[in-house]
Amino acid sequence: MAKKKILPRTLDLLRARVPQWRNAGMLRYARLRAYLLRQPPLRRGVLLLGLAGAALFALLLLYVLVLIPTTPGIKDLQQARTAQASTILSADGVELANFSQRQQERIRLAQVSPFVIQALIATEDRRFYQHHGIDFRRTAGAILHTVGGDAQGGSTITQQLARNLFPEEIGRSRSVSRKLKEAVTAFKIERAYSKDQILETYLNTVPFLYNAFGIEMAARTYFDKSAAQLNVLESATLVGMLKGTQYYNPVLNPERALERRNVVLAQMHKQGNLRDAQYQSLLKKPLRVRFHRQYEQSDTAETHFTAHVRKWLIEWADQNDYDLQLDGLIVHTTLDAGLQQAALRAVERQANALQNIADVEWAHSGASVMSTSTAAYAGMRQRVEPFRYFWDTHGALQDSLIRESAEYKKALEAGASAADAFKKLQADRSFIARLRAAKTRLEAGFVALDPNSGEVRAWVGSRDFERDQFDHVAQAERQPGSTFKPIVYGAALEKGLRPDRPYRDSVIDIRAADGSVWRPTDMSGSSGKTMTLRQGLIYSKNTITAQVMQDVGLPAIVKLARAVGIKQSKLAQVPSLALGTSPVTLLEMVSAYSTIAAQGEYRQPVFIKSISDRNGKVLASFDTKSQRAMSSASAVELIDMMRGVVNQGTGQAVKSRFGIAADIAGKTGTTQNNTDGWFILMHPNLVAGAWVGFNDARVTMRSNYWGQGGHNAVLVVGDFFRSALNARKIDARALFPGGRLPPAAAPAAAEPAPEDWADQLRALQPEQGPALMPQSGPDARMETDSAGRPFIDVPTPPAAVEPLPETLPASQ
């Protein structure tokens, strides 16, 4: 009851006092106004400015007091913010890789070149040891210059450190609020750390592009040395980048970087770090950069796909001001974890089988084809010395490989004579064994795309990423051989040529633009009989394809190749292009087949769906718009022709060996001397392709049977598709337009017994395409004639190969 009586009395008292206060305030205002009016105009203006400044200062002080509890505290400073690495996920949420802190190597201040510290203080913060986080004199000067139109930064090293450590808390935008937050945090840093600790922390956290953080990684990236070894010019270059890493990037903008380096040298000279003569001499020195990008290591197993994603992400993060090691980005890729595992198993299993075949067939001088059973070679592999016969008959090649080796070049650099270096390495059994093993290791690449979206579903760049980082999907450019032929026939359909158009299977002379004559042939010769355009593709006839090329014209073929997906690789407009002599990447070829499978709609391959922050907010999303590359009618007709390849032509093994019963179409490819084996298979839901060969094109499969894409690369693709269908990753009942489901297939037959190889050989005819263009790879080579022109070697077909019916060509 007492409280109820007190409250009304208090309210009454306040109501009585408010008018008094208002009157007192008005009285003070009136007195101040009268005082100001009595003053001379000049003094009155000064007083008004002073009052306004005092009010503004009071407001700023109040805002700073508000910021103190909201800016990072001592605990945050001591922890230097708990970093969260960005993560790469598959489409179904499986972690593929992450960006760890290992890219940023922290070192002590004593391990940093003194030139770096001198350059940093002279350029960024001359009074570093005098202020307590903020240089008020420099700040005032920066404000005056900015007002005068010459924008300058006034941040001290401590303020920059605050921004580097806490970019999210302080913010990235240029504003008064950010500057005040920097100042408050800088004061806290100065209270928590000594000056040397601040310098050490700053130099360990400052970004230098290419996802390199800290002076140690910067020294390794731009000069391939440690921070302790940096000389004065290198130190000035790196410190000069701090004003704008992109703008003063010495790799991409060397002129700007040189100019900025000399500005830093001038500041060092001004501060007494450089003598006059030394300074003048250094100004004349060129900018010398030894760029060596430091790639991140992940706790998860690295693959060619994640390496490809990392490379792209580093560029994206640099352009969008994100830290892949600290910002905790979530990268959602298009890769299907289940299909990726199926691809890895297929490459491992089938490449190992093909390695056994190569090891055995090159081990002795007898007949090369011993069996069509991969299992038979696995048993023989234990009883032979791999590639013994190859090295016995290729002594000159081994000598060349010795002279091309890094060990040989290192010996020459050390002062050894060419003869002594060669003789020593030739006698080194351990070195020769390593050299031979590396050169005779068979490699493979595999990639699978969704033709309806362009999304990458599986990607295997080699048999083992740890052993061979060279990516045979997106990096290696190899001759595609007959896998290029569907583009030729597609251009013919686009021009109006019908699948039943007749051609004569005979050798013709084709004169190139330079006057040379080209005579394309097939391994098993020409029959002289008439066959259709459709049959020319099904049986991969070089003689027919060359005539189709003449009817269509090279410009139309190149135009279609570009439209369907071969965007980057150079396509030489020479007649042999029709037979696949211009090197391309596996990714480009599978993309081209995806366009065909999508009924002529091209979609650029996509490997990242979206990028979100650690809280799930989507920062960027990626998709690809379809572009009409060829008419739907031509694409559907071409698909039907390529059905014939797997039903009755060179790609039958994908059905006979793996029992795949689905609406599929594809094409095999083989290049000169069995150097490259290709197979690409199309399904309405998925398009997959494989390449098989050796990194050094001078090493090849020995037999014409196992050297064919229809017998080697087809194993990888068939194995993968069988797993995908069994796991129901793709719809076995999906159809292309005009397609129909084949009869239910019996389970795939077991590998034939060794004595049955002749029957198998008759069922699977070889194909061979001439190679007229050089390969592209880590150890690519090309043989030429005395005039420097690449020559064609058309081997004799095996005697066991039976001719096809007389109305059809006698080779694929």
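Just over the halfway mark is where burial lands here: 51% of the chain's 812 residues count as buried. The model is a predicted one, and its chain carries 30 helices along with 16 strands. About 37700 Å² of the chain is exposed, with carbon and sulfur atoms supplying 53% of that area. As for contacts with a separation of 6 or more, 72% of them come from residues 24 or more positions apart.

Two open sheets are worth walking through. One of them has 5 strands, lined up as β2-β1-β3-β11-β12, and its pairing is mixed. At its edges stand β2 (95-98) and β12 (618-621); each has a single partner strand, so one side of each goes without a neighbour in the sheet. On average, and ignoring direction, neighbouring strands in this sheet are turned by 20 degrees against each other. Helix α14 (residues 304-320) packs on the sheet and touches β1 (87-89), β2, β3 (330-333), β11 and β12. The direction of α14 makes about 50 degrees with that of β11.

The β11 end of this sheet can be followed residue by residue. Strand β11 (residues 608-612) pairs with β12 in the antiparallel sense, over 3 bridges. Ser612 has Val618 of β12 as its bridge partner, while Ile611 sits opposite Ala620 in β12. The two strands make a hairpin with 5 residues between them. In the turn of that hairpin, Gly616 has a positive phi of about 95 degrees.

The other sheet is also open and also built from 5 strands, but here the order is β5-β4-β16-β15-β14 and the pairing is antiparallel. Its edge strands, β5 (456-460) and β14 (665-670), each pair on one side only. Here the average turn between neighbouring strands, direction ignored, is 5 degrees. Strand β14 runs antiparallel to β15 (residues 676-683), with 6 bridges between the two. One of the bridge partners can be named: Ala665 is matched with Met682 in β15. This sheet has a helix packed on it as well, namely α29 (residues 713-726), which touches β4 (442-449), β5, β15 and β16 (686-694). Between the directions of α29 and β16 the angle is about 145 degrees.

Turning to helix packing, a pair of packed helices is described by the angle between their axes and the distance between the axes. For helix α4 (residues 114-124) and helix α12 (residues 254-270), the axes come within 8 Å and cross at roughly 90 degrees. That crossing makes α4 roughly perpendicular to α12. On the α4 side, the contact involves Phe115, Gln118, Ala119, Ala122, Thr123 and Glu124. These meet Arg260, Val264, Gln267 and Met268 of α12. By type, the residues of this contact come out as 5 nonpolar, 3 polar and 2 charged.

Finally, there is helix α9 (residues 195-205). Of its 11 residues, 8 are buried, so α9 is largely enclosed by the rest of the structure. The buried residues of α9 are Lys195, Ile198, Leu199, Thr201, Tyr202, Leu203, Asn204 and Thr205.

Terms used
Residues are numbered from 1 along each chain as its sequence is written. This is a predicted model: local features need pLDDT of at least 70, side-chain atom pairs count only at pLDDT 80 or more; totals for chains, interfaces and linings use all residues. Side-chain values use heavy atoms; hydrogens and water are left out. Axes are lines fitted to C-alpha atoms, for helices over the stretch in contact, and angles run from 0 to 180 degrees between N-to-C directions. Helices (H or I, at least four residues) and strands (E, at least two) are DSSP runs, numbered from the N terminus. Angles under 35 degrees count as roughly parallel, over 145 as roughly antiparallel, 65 to 115 as roughly perpendicular and the rest as oblique. Contact means heavy atoms within 4.5 Å. Ala, Val, Leu, Ile, Met, Phe, Trp, Tyr, Cys and Pro count as nonpolar, Asp, Glu, Lys and Arg as charged, and the others, Gly among them, as polar. Two strands pair if DSSP finds at least two bridges between them. Buried means under 20% relative accessible area, exposed over 50%, partly exposed in between (1.4 Å probe, protein chains only). Accessible areas come from the Shrake-Rupley method with a 1.4 Å probe; for residues, only the protein chains shown count as cover.
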